[in-house]
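Here's a quick briefing on one strand and its surroundings, followed by a look at the aromatic rings. Have the model open while you read.

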Amino acid sequence: MNRLSIITPIYNEEPLLARYLSSVWNHADELIIVDGSPTGESTDKSREIIESYGDSKVKYITGTFGMAGIWDKSAQINRGIQESTGTHVLVLSADTYIDGKIDIGDLGD
């Protein structure tokens with residue numbers, strides 16, 4: 001059975017998160033939000049927004065991603081892939097807005 005995991009690396013995305021989550025919520029079987037920077041997790045209200053959606057399909061992962069002051073987005077994506085249980089994985093930024101349908105039915109098992 002096809003299952004879609006959407007991985008989203010974030011850091012201080014408070015202004016974008018509610019719209020993003022509402023646009024992808026019905027498309028994914030699993031949402032993996034990986035929050036972090038070289039100094040740790042977001043310092044804004046990102047966590048509160050994510051937690052307001054419950055944990056039925058959300059995996060919220062926090063950590064330190066980067067060194068020497070440089071954000072390592074690829075480390076966030078790799079961590080999300082490690083946590084993924086989907087047969088298909090999609091990586092999206094928090095500024096993405098899905099206005100339509102994501103159909104993985106034709107991708108096969």
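Strand S2, residues 30-37, is mostly covered in this predicted model: eight of its eight residues are buried. Strands S1 and S3 both pair with S2, and the bullets below walk through that before turning to the rings.

**Strand S2 and its neighbours**
- Neither face of S2 is left open: Glu30, Ile32, Val34 and Gly36 are buried on one side, and Leu31, Ile33, Asp35 and Ser37 are buried on the other.
- S1 (residues 4-10) runs parallel to S2, with six bridges between them.
- Ser5 has Glu30 in S2 as its bridge partner.
- To get from S1 to S2, the chain goes through helix H1 (residues 14-24), in a right-handed β-α-β crossover.
- S3 (residues 58-64) is also parallel to S2, joined by seven bridges.
- Across from Val34 you'll find Ile61 in S3.
- Another right-handed β-α-β unit is made by S2, helix H2 (residues 46-51) and S3.

**The aromatic pair**
- The count of aromatic pairs comes to one.
- It's Trp25 with Tyr53: the ring centres are 5.4 Å apart and the planes sit at 45°, so the pair is tilted.
- The two partners are 28 residues apart, with Trp25 in the loop between H1 and S2 and Tyr53 in the loop between H2 and S3.
- Tyr53 has 25% relative accessibility, so it counts as partly exposed.

**Charges over rings**
- Lys57 lies over the face of Trp25, 4.9 Å from the ring centre.
- Arg19 has its charged end over the ring of Tyr97, 3.8 Å from the centre.

How values were computed: Residues are numbered from 1 along each chain as its sequence is written. This is a predicted model: local features need pLDDT of at least 70, side-chain atom pairs count only at pLDDT 80 or more; totals for chains, interfaces and linings use all residues. Side-chain values use heavy atoms; hydrogens and water are left out. Buried means under 20% relative accessible area, exposed over 50%, partly exposed in between (1.4 Å probe, protein chains only). Helices (H or I, at least four residues) and strands (E, at least two) are DSSP runs, numbered from the N terminus. Two strands pair if DSSP finds at least two bridges between them. A crossover is right-handed if, with the strands pointing away from the viewer, the path from the first strand over the helix to the second runs clockwise. Rings of Phe, Tyr and Trp (its six-membered ring) pair if their centres lie within 6.5 Å; planes under 30 degrees apart count as stacked, over 60 as edge-to-face and the rest as tilted. A charge sits over a ring if NZ of Lys or CZ of Arg is within 6 Å of the ring centre and within 35 degrees of the ring normal.
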